[in-house]
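Let's take a friendly walk through this structure, beginning with how its strands pair and then moving on to a helix.

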Amino acid sequence: MDKETDYLQEKEKMFTPILAVEEASRCLLCYDAPCTNACPAGTDPAKFIRSLRFRNFKGAASTIRENNVLGGICARVCPTDKYCEGACSRCGIDKPIQIGKLQRYLTDYEQMTGIKSLEAVKATKDKVAIVGSGPSGLSAAAKLALAGYKVTVFEAREQLGGWLTYGIPENRLPQQVVENEIQYVKDLGVEFKTNCKVGKGIKIEDLKKDGFRAFLLATGMQKGKGVNIKGNDLKGVINGVDFLAKAKTSRGNIEVGKKVVVIGGGDVAMDCASTVKLLGAEDVKVVYRRNMEKMPADRKELAYIQELNIPVFTGFKPAEIVGENGRVSKFKAVGMFDNSELNLDADMVIFAVGQEPEKNIVSADVNEKGIFKTSKYMTNVDGIFASGDIAEGDKTVVYAVKEGKEAADSIIKYLTSKKEGVR
């Protein structure tokens with residue numbers, strides 16, 4: 001396979017203008033539209049579909065951007081079958097409106113035509129620090145900036161975007177789309193500082209001395225979990241989070257094994273399997289400990305790896321990785337529900353069995369998984385809020401956008417109450 005044409009090429013084809021209008025014309029124009037009610041980020045599909053149906057392309061694109069600053073990203077990675085499309089009234093007639101593809105068409109149209117839906121507001125209010133430039137941090141930054149706050153986003157890594165940049169494969173989310181969306185946030189007056197790890201190079205107390213009055217922790221969970229089995233230190237064993245980051249930042253210019261086993265059943269595992277296949281692996285297999293019905297992966301992503309002829313072995317847990325001359329040669333698993341065994345030849349094993357937060361930068365209350373406990377997004381530490389994957393809630397990009405917007409609202413209320421002298 002050609003890496004440039006397979007890994008870098010977006011797998012979903014974009015609607016033409018005619019097809020987009022035709023698809024929008026299938027909308028039933030529901031009163032109190034269930035698709036809009038089902039969107040966590042409040043993107044309002046019913047309104048933008050109605051505008052598109054009557055060929056108001058600019059109005060449709062503006063509806064998306066005004067409600068969801070990361071509309072182009074969500075159009076590509078949101079599990080629409082779980083949210084808006086799953087709630088579509090046409091489900092009971094034939095098939096749901098392809099809302100995700102319509103949203104992608106409109107945000108691409110916006111980019112190509114140079115439509116400017118959001119205008120910067122003069123920053124005259126308090127300084128707010130956001131730690132992490134993933135979807136939740138970006139969403140919060142945009143809303144706070146539009147409300148007149150002076151917002152600075154601190155990113156520990158070299159590039160902005162968090163999991164958007166270091167995780168989701170290029171063929172599902174082109175990096176150019178991520179950069180375009182981040183530029184929207186920059187144009188609103190948000191300042192970004194990269195290679196700046198809050199808690200290590202700079203402390204929260206230092207930022208307070210610099211005049212920051214509120215803090216949003218939105219660092220996500222980009223640390224992959226491991227599995228403690230014999231052989232997990234062999235050459236050829238890699239964590240799924242690290243593998244995807246290397247693939248994305250190198251634009252697919254990495255070496256992969258010929259026979260690869262991916263462990264896990266979530267979206268990260270599916271992304272690892274499809275990515276390693278597109279990058280040239282001859283034989284890729286997925287091993288998951290539970291049954292197919294309990295796989296947490298998005299059904300579209302599961303269907304995609306099946307299109308790539310990647311088999312999924314369910315009901316097996318990792319037992320041992322066998323090596324020769326310090327390198328992986330075989331993967332062994334045992335049955336979860338019986339005494340069966342699975343022995344697979346392999347020269348590369350990718351573990352995608354979950355993620356966890358890194359060491360917290362503040363001493364706030366967390367649950368047993370290290371997730372911040374919050375009340376209206378504020379931790380038990382005054383003035384410090386948390387949203388996204390490191391806070392309780394659904395772990396999807398669109399849900400992170402929702403939490404970022406809501407966290408921004410809570411920060412605004414907090415800072416307003418401080419001004420008024422109310423606790």
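Two strands count as paired if DSSP finds at least two bridges between them. Please keep in mind that this is a predicted model.

With that definition in hand, look at strand 1 (residues 127-131) and strand 4: the two run parallel and are joined by 5 bridges. Within this pairing, Val128 sits opposite Ala214 of strand 4. Strand 4 also has a partner in strand 15 (residues 384-386), again in the parallel sense, with 3 bridges between them. Here Leu216 of strand 4 faces Phe385 in strand 15.

How many residues of strand 4 are buried? Strand 4 covers residues 212-217, and 5 of its 6 residues are buried, so the rest of the structure largely encloses this strand. Buried here means under 20% relative accessible area.

These strands belong to a wider region. The UniProt record, an unreviewed entry, places the feature "domain: FAD/NAD(P)-binding" at residues 127-404. In the model, that span is 27% helix and 25% strand, and its end C-alpha atoms are 17 Å apart.

Now turn to helix 13 (residues 240-249). Because 7 of its 10 residues are buried, helix 13 is largely enclosed by the rest of the structure. The buried residues include Gly240, Val241, Phe243 and Leu244, along with Ala245, Ala247 and Lys248.

Both ends of this helix are worth a look. Asn239 caps the N-terminal end of helix 13, placing a side-chain oxygen 2.9 Å from the backbone nitrogen of Val241. Just after helix 13 comes Arg251, which adopts a positive phi of about 55°.

Conventions
Residues are numbered from 1 along each chain as its sequence is written. This is a predicted model: local features need pLDDT of at least 70, side-chain atom pairs count only at pLDDT 80 or more; totals for chains, interfaces and linings use all residues. Side-chain values use heavy atoms; hydrogens and water are left out. UniProt positions are given in the numbering used here, feature names are shortened, and annotations may be inferred rather than shown by experiment. Helices (H or I, at least four residues) and strands (E, at least two) are DSSP runs, numbered from the N terminus. Buried means under 20% relative accessible area, exposed over 50%, partly exposed in between (1.4 Å probe, protein chains only). A polar contact is a pair of N or O atoms within 3.5 Å; within protein, one must be able to donate a hydrogen and the other to accept it, and residues adjacent in sequence count only if both atoms are side-chain atoms.
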